[in-house]
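Student: Could you go through this structure with me before I head back to the bench?
Tutor: Gladly, let us bring it up and take it piece by piece.

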Amino acid sequence: MVSRKYILTKKTFKVKHFILLFILFSLPLSSFSQIGSHRSELSLGLNTGYVFSNVGFTPKVSQSFHGGITIGVSAKYVCEKYFNTICSILGEVNYSSIGWKEDILNNMDMPVINSKTGLPEKYQRTINYIQVPLFAHLAWGKEQKGFQFFVQAGPQFGIYLNESTESNFSFEDIDVDTRSNTIIAQDTMSVERKFDYGIAAGAGVEYSFPKIGHFMLEARYYYGLSNIYHDSKKDFFGRSNFGNIIIKLTYLIDIFNRKTKI
């Protein structure tokens, strides 16, 4: 039976998540409230990159990084320059392949060899999402031509599309006792929660060419605040959230530009 104390703790934890998301969601909007030199510049474009992802399981599952692509559309609205800081809102709609890749090792940290195939056992789960991040984007540097350095942070939401599994062994042949990590429940469980949310932050550089556009190169980290599996006291996993490292290239072109030249 689930205790009342446990239920209250879980509710308090989730309330803190939503409060944190509300604060982060408000960060982009707060850019408009500053008193600075007004800008009104909208840029649209495309982005692509590579995602190194894993899942924070409790109980722990030994993993290396799962690799996958991300591609989508981007929009950036520059609203003002406050002293030397260029304040913007940046949003994206992306298709992303994320997941986890297991390190199947024995107690001597050597690959486990399957008795039927004679090959090291491998397992990988790929989960595809539509992801929508919304960032407060702060930059320093040249506006018209040249380099800017930027940082950005904000909430991100994900909608589950589908998933697939790659493995080279039959689950009936698994000898759990030969593994240093004996947790295998996740291998046969489909994603239970189809909506993902969390916080993302990144830093990078932008180079602007007059009449050509803006090129942005960025490193970003995403920390999931939701779990892909149910996490009540009766469920197997207490935690199953994403952690993603993203390397991304974005190209933007100006749609309209009404700003004072500096």
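Student: How many residues sit between strand 7 and strand 8 in the hairpin?
Tutor: There are 3 residues between strand 7 and strand 8 in that hairpin, and Lys211, which belongs to the turn, has a positive phi of about 70°. Please keep in mind that this is a predicted model, and the phi value is computed from it like everything else here.

Student: Which way do those two strands run, and how many bridges join them?
Tutor: Strand 7, covering residues 195–209, and strand 8, covering residues 213–224, run antiparallel and are joined by 12 bridges. To pick out one pairing, Ala203 has Ala219 in strand 8 as its bridge partner.

Student: OK, zooming out: what is the overall make-up in helices and strands?
Tutor: The protein has 1 helix and 9 strands, and the order from the N terminus is α-β-β-β-β-β-β-β-β-β, with the helix leading and the strands following. Of the contacts between residues at least 6 apart in sequence, 75% join residues at least 24 apart.

Student: And what share of the residues is buried?
Tutor: Of the 262 residues, 43% count as buried, while the protein exposes about 13900 Å², with carbon and sulfur atoms supplying 65% of that area.

Student: Switching to Ser53: buried or exposed?
Tutor: Ser53 counts as buried because its relative accessibility is 0%, and its place is in strand 1, which spans residues 37–58.

Student: What does the Ser53 side chain reach?
Tutor: The side chain of Ser53 reaches the backbone nitrogen of Gly99 at 3.0 Å. Leaving aside residues up to four places away in sequence, Ser53 touches several others, including Phe65, His66, Ile98 and Asn244.

Student: New topic, cysteines. How many disulfides does the structure hold?
Tutor: The structure holds 0 disulfides.

Student: Why is there no bond between Cys79 and Cys87?
Tutor: The closest cysteine sulfur to that of Cys79 is the one in Cys87, and because the two are 5.7 Å apart, they are too far for a bond; a disulfide would need the sulfur atoms within 2.5 Å. Seen from the other side, the closest cysteine sulfur to that of Cys87 is likewise the one in Cys79.

Student: And are those two cysteines buried or exposed?
Tutor: Cys79 counts as buried at 4% relative accessibility, and Cys87 is buried as well, with a relative accessible area of 6%; the cut-off for buried is under 20%.

How values were computed: Residues numbered from 1 in each chain as written. Predicted model: local features only at pLDDT ≥ 70, side-chain atom pairs only at ≥ 80, totals over all residues. Heavy atoms only, no water. Helix = DSSP H or I, 4+ residues; strand = E, 2+ residues; numbered from the N terminus. Buried < 20%, exposed > 50% of the residue type's maximum accessible area, 1.4 Å probe, protein only. Contact = heavy atoms within 4.5 Å. Areas by Shrake-Rupley, 256 points an atom, 1.4 Å probe, with all protein chains shown as cover. Polar contact = N/O pair within 3.5 Å; in protein donor to acceptor, adjacent residues only side chain to side chain. Pairing = 2+ DSSP bridges.
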